[in-house]
Amino acid sequence: MHDPVKDSFWKRANYKYRLSLMNEDTLIEKWHVRVSRLSAVVVLTLCFFFTLGILAVLIIFTPIRHVLPGYSESIREQLVTQTVVVDSLSTEVALQTQYIDLVKQIMLGDVKADTVQPLDSIQLLMRQQLLEAKAEATEEFMAQYEQKEKGNLQLFSQHSDVPVTTFFRPAHGAIVEHFNATHPNVLIQTPQNENITSVLSGTVVMTTFEINNTFTIVVQHDNYVSIYKNAAKVLKSVGTYVEPGESIAVASEQPLSFELWHHGQPLNPEEAIVF
């Protein structure tokens, strides 16, 4: 059965109206259209959503969105971020420009060689100053080794009739590389922190810091010169007079390199010293 109320609603909704455009003077119809209430609602709804879609596209893809309330905060954050990026790029460009200018000066020879100090030299100088600094711990360490060697000095003083050419052993250890024509030294593998002693009485004439983080000590005797390399610490300063068997340095992890020279000629230490 049909509902009279429902049928009446759909009839009214679908009832056609004629909309005409007429000339006011001649009353001649120029244009007309038949529209129902339902079709008018559908057309208006479609127009509304179409307009809404166009506005959404304009807001999303055009600068119009910048004038909307609440969007300025996001714009401010973006401006701050872009400003930071621009500053970083400016700094990077400035550094690159300075680097290129410096390279050009070096290639053109505008930079003097003696004004440039190698980084290795600076590091070695800093290490040498650090290692040569006499801290309290170093002083105590040196004092302990001095005390340890007093027995050797007393023994030597009791045998003053020993010839001057009797050499003391430079360090306790095993020879791992012998003297030959290619290198005028012997390598002695010693325990770490072992005493390095003067083979004869003489004066320390040189102490140098090497690139392998060790020290070299040179002692001048009457007719001999003894050279001790790969030492971890130096116990005597330049100009100090040392007795035979007196500690002058401390061995490192590396083998002790020992050389003995007589009147400018290298000698085989194994022929003069009992190791």
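**Exercise 1. Contacts along the chain**

Task: Among contacts in the chain between residues at least 6 apart in sequence, determine what percentage join residues at least 24 apart.

Solution: Begin with the contacts between residues at least 6 apart in sequence, and then keep those that join residues at least 24 apart; the share that remains is 57%. This value, like the others below, is computed from a predicted model. As background for the later exercises, the secondary structure of the chain comes to seven helices and 12 strands. Of its 275 residues, 21% count as buried, and the chain exposes about 19,600 Å², of which carbon and sulfur atoms supply 61%.

**Exercise 2. The partners of strand 11**

Task: Find which strands pair with strand 11, and state over how many bridges each pairing runs.

Solution: Take the partners one after another. Strand 4, which covers residues 186-189, runs antiparallel to strand 11 and is joined to it by three bridges; within this pairing, L187 stands opposite S257. Strand 8, residues 224-234, also pairs with strand 11 in the antiparallel sense, over six bridges, and here S226 is placed opposite L260. Strand 12, residues 265-267, is antiparallel to strand 11 as well and is connected to it by three bridges, with L260 opposite L267. Strand 11 and strand 12 form a hairpin with two residues between the strands, and in this hairpin H263 takes a positive phi near 55 degrees. As a last step, consider how covered strand 11 is: five of the seven residues in this strand, which spans residues 256-262, are buried.

**Exercise 3. The largest nonpolar core**

Task: Identify which residues touch the most other members of the largest nonpolar core, and which strands each supply at least two residues of this core.

Solution: The core holds 23 residues, and those that touch the most other members are I196, I217, Y228, I248 and F258. Turning from residues to strands, at least two residues of this core come from each of strand 4, strand 6 (202-209), strand 7 (215-220), strand 8, strand 10 (247-251) and strand 11. To see the surroundings of one such residue, set aside the neighbours of I196 within four places in sequence; I196 is then in contact with P170, Y228, A231, E246, S247, I248, A249, V250, A251 and L256.

**Exercise 4. Salt bridges**

Task: State how many salt bridges a search of the whole structure finds, and work out where the partners of each one lie.

Solution: The search finds three salt bridges. In one of them R18 pairs with E29, and the closest N and O atoms are 2.8 Å apart. R18 belongs to strand 1 (residues 16-22) and E29 to strand 2 (residues 29-36), so the pair links parts of the chain that are 11 residues apart. E29 counts as partly exposed because its relative accessibility is 33%.

Another salt bridge joins K229 and E259, with 3.4 Å between the closest N and O atoms. This pair links strand 8, where K229 is found, to strand 11, where E259 is found, and the two residues are 30 apart in sequence. To classify the partners, recall that buried means under 20% relative accessible area: E259, at 8%, is therefore buried, whereas K229, at 31%, is partly exposed.

The remaining one is formed by the side chains of E246 and K236, at 2.9 Å from N to O. E246 lies in the loop between strand 9 (241-242) and strand 10, and K236 in the loop between strand 8 and strand 9, so the pair ties together parts that are 10 residues apart in sequence. E246 is buried, with a relative accessible area of 9%, and K236, at 12% relative accessibility, counts as buried too.

**Exercise 5. Positive phi in two loops**

Task: Locate N193 and N213, and decide whether each is buried or partly exposed.

Solution: N193, which is not a glycine, has a positive phi of about 70 degrees, and its place is in the loop between strand 4 and strand 5 (195-197). N193 has a relative accessible area of 33% and is therefore partly exposed. N213, again not a glycine, has a positive phi of about 65 degrees and sits in the loop between strand 6 and strand 7. Its relative accessibility is 39%, so N213 counts as partly exposed.

Conventions
Residues numbered from 1 in each chain as written. Predicted model: local features only at pLDDT ≥ 70, side-chain atom pairs only at ≥ 80, totals over all residues. Heavy atoms only, no water. Buried < 20%, exposed > 50% of the residue type's maximum accessible area, 1.4 Å probe, protein only. Helix = DSSP H or I, 4+ residues; strand = E, 2+ residues; numbered from the N terminus. Pairing = 2+ DSSP bridges. Core = buried A, V, L, I, M, F, W, Y, C linked by side-chain atoms within 4.5 Å. Contact = heavy atoms within 4.5 Å. Areas by Shrake-Rupley, 256 points an atom, 1.4 Å probe, with all protein chains shown as cover. Salt bridge = Lys/Arg side-chain N within 4 Å of Asp/Glu carboxyl O.
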